[in-house]
Amino acid sequence: MKSQPLAAVGTWRPVMEAASYRCQCTGECGNPHAKAGGRCPREHDSYTSKHGHRIRLMAAPADPLTPPVEAAALPSAQLRAWCPECHTAAARNARTATAPAQDAPGLFEL
């Protein structure tokens with residue numbers, strides 16, 4: 001039996017079952033996941049080989065920049081299974097992609 005969170009099991013379980021308890025990142029994190037067919041290979045409750053900690057997937061919006069208040073109101077059909085590493089990296093990549101370039105003066109401009 002897979003472990004479950006203490007709260008929001010009614011939302012979390014349908015998302016995990018639809019994802020087969022596997023992270024649904026398909027490269028949004030910046031990693032093409034080439035060895036796993038384009039999808040993150042991490043599975044819920046499995047161990048990482050590098051650090052030995054357990055993977056705990058979370059149900060989060062497909063858009064990692066969705067504010068927490070909006071994310072809490074989304075139905076399970078609009079959520080995806082994410083491992084924490086992929087979700088953090090995807091949010092970081094999305095923030096840098098949408099950040100406007102600042103028009104800073106050059107070093108020798110007066």
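These notebook entries record what I looked up in this structure, which is a predicted model.

**Strands S1 and S2**

I began with the pairing of the strands and found that S1 and S2 run antiparallel, with 4 bridges joining them. I then looked for the partner of Met 58 and noted that this residue is bridged to Trp 82 in S2. Turning to the two faces of S2, I found both of them covered, since Leu 79 and Ala 81 are buried on one side, while Arg 80 and Trp 82 are buried on the other.

**Helix H3**

Next I checked the length of helix H3, which takes in residues 84-98. Its 15 residues, at 1.5 Å a residue, should span 21 Å, and because the end C-alpha atoms are 21 Å apart, I recorded that the two values agree. I went on to list the buried residues of H3, which are Cys 86, His 87, Ala 89, Ala 90, Ala 91 and Ala 94. When I asked what covers these buried residues, I found that the cover includes strand S1 (58-61) and strand S2 (79-82).

**Aromatic pair**

Last, I searched for paired aromatic rings and found that the structure holds 1 such pair. The rings belong to Trp 12 and Tyr 21, and their centres are 6.1 Å apart. I noted the planes at 65 degrees, and planes over 60 degrees apart count as edge-to-face, so I entered the pair of Trp 12 and Tyr 21 as edge-to-face. I also looked up the exposure of each partner, for which under 20% relative accessible area means buried. Trp 12 has a relative accessible area of 6% and is therefore buried, and Tyr 21, at 16%, is buried as well.

Definitions and conventions: Residues are numbered from 1 along each chain as its sequence is written. This is a predicted model: local features need pLDDT of at least 70, side-chain atom pairs count only at pLDDT 80 or more; totals for chains, interfaces and linings use all residues. Side-chain values use heavy atoms; hydrogens and water are left out. The expected span of a helix is 1.5 Å times one less than its number of residues. Buried means under 20% relative accessible area, exposed over 50%, partly exposed in between (1.4 Å probe, protein chains only). Contact means heavy atoms within 4.5 Å. Rings of Phe, Tyr and Trp (its six-membered ring) pair if their centres lie within 6.5 Å; planes under 30 degrees apart count as stacked, over 60 as edge-to-face and the rest as tilted. Two strands pair if DSSP finds at least two bridges between them.
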